[in-house]
Structures are given as C-alpha cells and as structure tokens.
Amino acid sequence: MSEQYKDFIQSKTEQIPVVSKTDVVVVGAGPAGLSAAVSAARNGCSVTLIERYHHLGGMASGGMVLVLDDMVNQGNEIVTTGLVTEFVDRMEHQDGAVYPPAEDCLKNWEMWQKWSRWGCINFHEPGMPQSILHAVAFDPDAWKRVSLDLVREAGVNLRLHSWFSEAVVEGGKVTGVICQTKLGRQAIMADMVIDATGDLDLAASAGADFIQGEYIVTTVFRLCDVDTDKAEAFEYANPEEYKKLDRMARRVIGGAWGMWWLKTPLPGIVWCNCPHMTGYDGLSPEGMVAAEYEGRERMMNLLAFARENIPGFENAKMLGAAEQLGIRQTRLLRGEYVVTKDDVTSRRHFADSVCRGRDYYTPYRALLPKGLDNLIVAGRHYSVDSDAQKSSREIPPCMVQGEAAGVAVSLALNSNSALRDVDATLIQKQMRAQGADPGDIPSSNALIEKALAS
C-alpha cells in the first residue's frame, strides 16, 4: 500500500464510543453474513449485524445476481439446503421466485424451451439441449424483504449505513470492530466475530494471511417492456438467425455467459448478466469507478442493438443497473486449510465438511484463519486457491457457509472454547437439525478423503 502513495498525514488521536456489546458481530450482510447472523441468533447468541449499504442481501439483491444455482449434485440431487431453502420458500410465497418442479427437470427440447430462459439449466453439460435442473430465478426486492423479515424475527441487532473500518485485536484475539458512520467512528465489541465482507476486509485488518486474486467484474442490469413470449418464439422458430443476432449482441456488450438475457418473476422484465470486464481491481476506488463508466456505456450500446434487431425487444427500456458492482474475487484467506482446484474438480470429501455446493465440499478448516482467535470467515473470500474459487463462490454455497459459521460460534460460546477446537461433527449435527446439508454424508460420486490417505 505504501508504495502506491507518496504523501501521508498523521491521524488525530480519538476516543471511539462503544455502541454495542454482543456475543457475535457479523460484518457484511450479503447472503453469507445474513445467514451467519440468523443462524447464530437462532442458536441463542446475541448478534449484531453490520452492513455498509441501506439494504440486505449483497450480491443477491444490490448486486442483482438473480439466479440461484450451484445447488445440485449429479442427477439433480439437491444438496444446498437450510436457510437457502427457507429464502426460496418465502420469496415464492411473495411471487418473487420461480423454479422448475422436479418432474420438469429433464433433458429434452420441450423442457429446454420451457425453462432455459429462467437460467435453470446445467450449463456445465456439453451438447444441446442441456438438462433442466433445480435453480431459482428471483426478484431482488423480494430478497431484500425476506432478509429484513428473517433478521427482525431472529432478534438480530441490525446496523445499516455502517462501513467497516478496523478490527479490534487484543493478544491475538479479535474482540470487536470499528465502523465509520455519519456520526463518526463507532465500536462494536463481541466475543466472536464473523467476517462476511466478501473481500476479507475484517480478517485482513486483523492481520490474517491472504492472497489477492482477480477475475472478471460485471455491471448487471435489467430491461423492462420486453415481450419475452415474442422473443422466445422468434428464437425457437428461427434458431440460425437468432444465433447470428445473439453472437452480434454479445460482441456489442463485450462479454457474457451463454445467455445474456433471462426472464425474471416480474413480467416483461429481463435480467442481463453482462458485460464481463477484465483488468479491474475490485479493491481500488479508481478501478471500480472506471468499471462503472465502461459497464454503463456497454449496456446502453446493447439496449440500442436489441431494440433495433431482436424481435420482442422493440420497446425495451433501461430499468436500471445493479446498485453494487459485481466483484467476484479480491482477497482470499490462507487459513487452516486451503481448498485447491483439484479438491473442487475431484469432488474431494472432507471429514470436517460443513457445507457443499454443486459437487464439491468445504472443510471447516477453510473458514478459520491461522494465528487469530475468535474469528471465522464465511463467503467467497474463504481459504481457497484463486482458480478453485472461480467455481466455488456461488450464492447458495456461501449461504450454507454462513449458516455453518453461525452454528460454530454458538458452539464455541456455549463450551467456552476456541473456534478451532469446536468439533466439526457437532456443527454437522446441528446443521442437519436446522434442515441444512453440511456435506457430512458424501454423495456417490465423491472422492473420500480417507481413501486418499490409504
């Protein structure tokens, strides 16, 4: 950091008011932090949840990542459960979530035409049509509403508009955090601290070891007044012509996944998961501002192209870009265990697995920093290699990480023990009791850790 800047000033000495003393403080109210706070509170802890924005949900709401995937193992075995399932059920009750019933999760053109534009496809599968699987399209405001409901019902002390500033560390133990607010800096003291910032802000401030990775950033957006029935009818009646237009659209936007537009639970509103932009540092204010400029220019270019060329988009209008820039990777913890790409691709099962994604498992050790007590992480910044993180950072698995972290801090507090001394089997048992799959029971296609040792 010091090499980047030439001039410095000396900060004044200050007294910082302690505004809260709590069992657990969670920094970051995205999917992982929200799950961690609710899980810890439901397990009897007093919890304070810190969030810099005016809303809850992080990348699921403000970041507008509007499809929950990475939820099933081979054969559409649903393995990402617990608070994830509760979120989906509550949003569906508010007409804010859409997903295929089990009987529609097939591999044929009829189901492809029915569900592919909802994003409920196995995009890892070669050939066409790809299988339909359990994934959930949702509305971002429904996510915000459900988040507030869960936090309020659990009795979590919510502090929005509070930007994390500094970790409080005493003798190798993290004992609280300092946040910047409109009223100045404020301290929240706690017995246990959960870093759910996504960028490892808290753990890095406390002195945890980490690496810094980089991946694409995205400015996603929504269009309204789209005739999705007309667009789909044109696509399926004129596949070659549509493919040509689709390739041109993706060149205009400058990078996108296989489908640059998807339907949402709100009629006539489509989600555009693009543009994909490289070379931007997700920790740098200058880099993020530049990405905002470039992203908005690209999305307006795409809107003009779609209105001119793609049936169904003639009257499309810009509904708005996501409130948060889509940052996928910055700091990554180097914890008690570092998950590797081979761990993910080989489906390696760990005896201390506390959460799982599509076909990978995450050990409890990967949530714990070395050399620091009272601190656990949950989210895309967990202890993982850069290449492995790119395929193990989706929202549902991060939510299960958070739920596991909430259970872990409650067990540590109840037994008056360090987090690293918590028995992972007790975390697994409580996760099961809460309806979550911690990955303690490996699927048939897993590579068992014990077999490696032999």
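Helices (H or I, at least four residues) and strands (E, at least two) are DSSP runs, numbered from the N terminus. The legends below describe a predicted model.

**Overall view: a chain of 13 helices and 25 strands.** The chain of this predicted model contains 13 helices together with 25 strands. Its radius of gyration is 22 Å, close to the 22 Å that the globule rule gives for 454 residues, so the chain is as compact as a globular protein of that length. Taken along the principal axes, the box filled by the C-alpha atoms is roughly 65 × 55 × 40 Å. Among contacts with a separation of 6 or more, 72% are made by residues 24 or more positions apart.

**Surface and charge: what the chain exposes and what is buried.** Of the 454 residues, 58% count as buried. The exposed area of the chain is about 19400 Å², and carbon and sulfur atoms supply 50% of this area. The side chains include 45 positive and 59 negative ones. The centres of these two sets of charges lie 2 Å apart.

**Cysteines: C105 and C224 without a disulfide partner.** A disulfide is a covalent bond between the sulfur atoms of two cysteines. How many disulfides does the chain have? The count comes to zero, with a disulfide taken as a pair of cysteine sulfur atoms within 2.5 Å. For C105, the closest cysteine sulfur belongs to C120 and is 7.9 Å away, which is too far for a bond. C224 is likewise in no disulfide, the nearest cysteine sulfur being that of C272, 11 Å away. C105 has a relative accessibility of 15% and therefore counts as buried, as the limit for a buried residue is under 20%. C224, at 15% relative accessibility, counts as buried too.

**The loop between α3 and β7: the surroundings of H134.** H134 belongs to the loop that runs between helix α3 (109-115) and strand β7 (136-138). Is H134 buried or exposed? Its relative accessible area is 12%, so H134 is buried. Leaving aside residues up to four places away in sequence, H134 touches M71, V72, N76, I78, Y99 and C105. The last of these, C105, is a cysteine that itself counts as buried.

**Cis peptide bonds: the links before P129 and P275.** Where does a cis peptide bond join M128 to its neighbour? This bond links M128 and P129, with omega about 0 degrees. P129 is placed in the loop between α3 and β7, the loop that also holds H134. The peptide bond from C274 to P275 is cis as well, with omega near 0 degrees. P275 lies in the loop between β16 (270-272) and β17 (276-277).

**Positive phi angles: M64 and N416 in loops.** M64 is not a glycine, yet its phi is positive, at about 55 degrees. M64 is located in the loop between strands β2 (47-50) and β3 (67-68). With a relative accessible area of 7%, M64 is buried. N416, also a residue other than glycine, has a positive phi near 55 degrees. N416 is located in the loop between helices α11 (395-415) and α12 (424-433). Its relative accessible area of 74% means that N416 is exposed, whereas M64 is buried.

**Strand β14: L223 and the residues it touches.** L223 forms part of strand β14, which covers residues 221-224. At a relative accessible area of 1%, L223 is buried. Which residues does L223 touch, not counting residues up to four places away in sequence? They are G268, I269, V270, C272, L303, F313, K317, M318 and L319. One of them, C272, carries the cysteine sulfur nearest to that of C224. L223 and M399 are 176 residues apart in sequence, and their C-alpha atoms are 28 Å apart in space.

**Helix α12: L426 and its distance from R296.** L426 is a residue of helix α12. Its relative accessibility is 43%, so L426 counts as partly exposed. From C-alpha to C-alpha, L426 and R296 are 48 Å apart in space. In sequence, 130 residues separate L426 from R296.

How values were computed. Residues are numbered from 1 along each chain as its sequence is written. This is a predicted model: local features need pLDDT of at least 70, side-chain atom pairs count only at pLDDT 80 or more; totals for chains, interfaces and linings use all residues. Side-chain values use heavy atoms; hydrogens and water are left out. The radius of gyration is taken over C-alpha atoms; the globule rule is 2.2 Å times the number of residues to the power 0.38. Buried means under 20% relative accessible area, exposed over 50%, partly exposed in between (1.4 Å probe, protein chains only). Contact means heavy atoms within 4.5 Å. Accessible areas come from the Shrake-Rupley method with a 1.4 Å probe; for residues, only the protein chains shown count as cover. Lys and Arg count as positive and Asp and Glu as negative; His and the chain ends are not counted. The place of a charge is taken as NZ of Lys, CZ of Arg, CG of Asp or CD of Glu.
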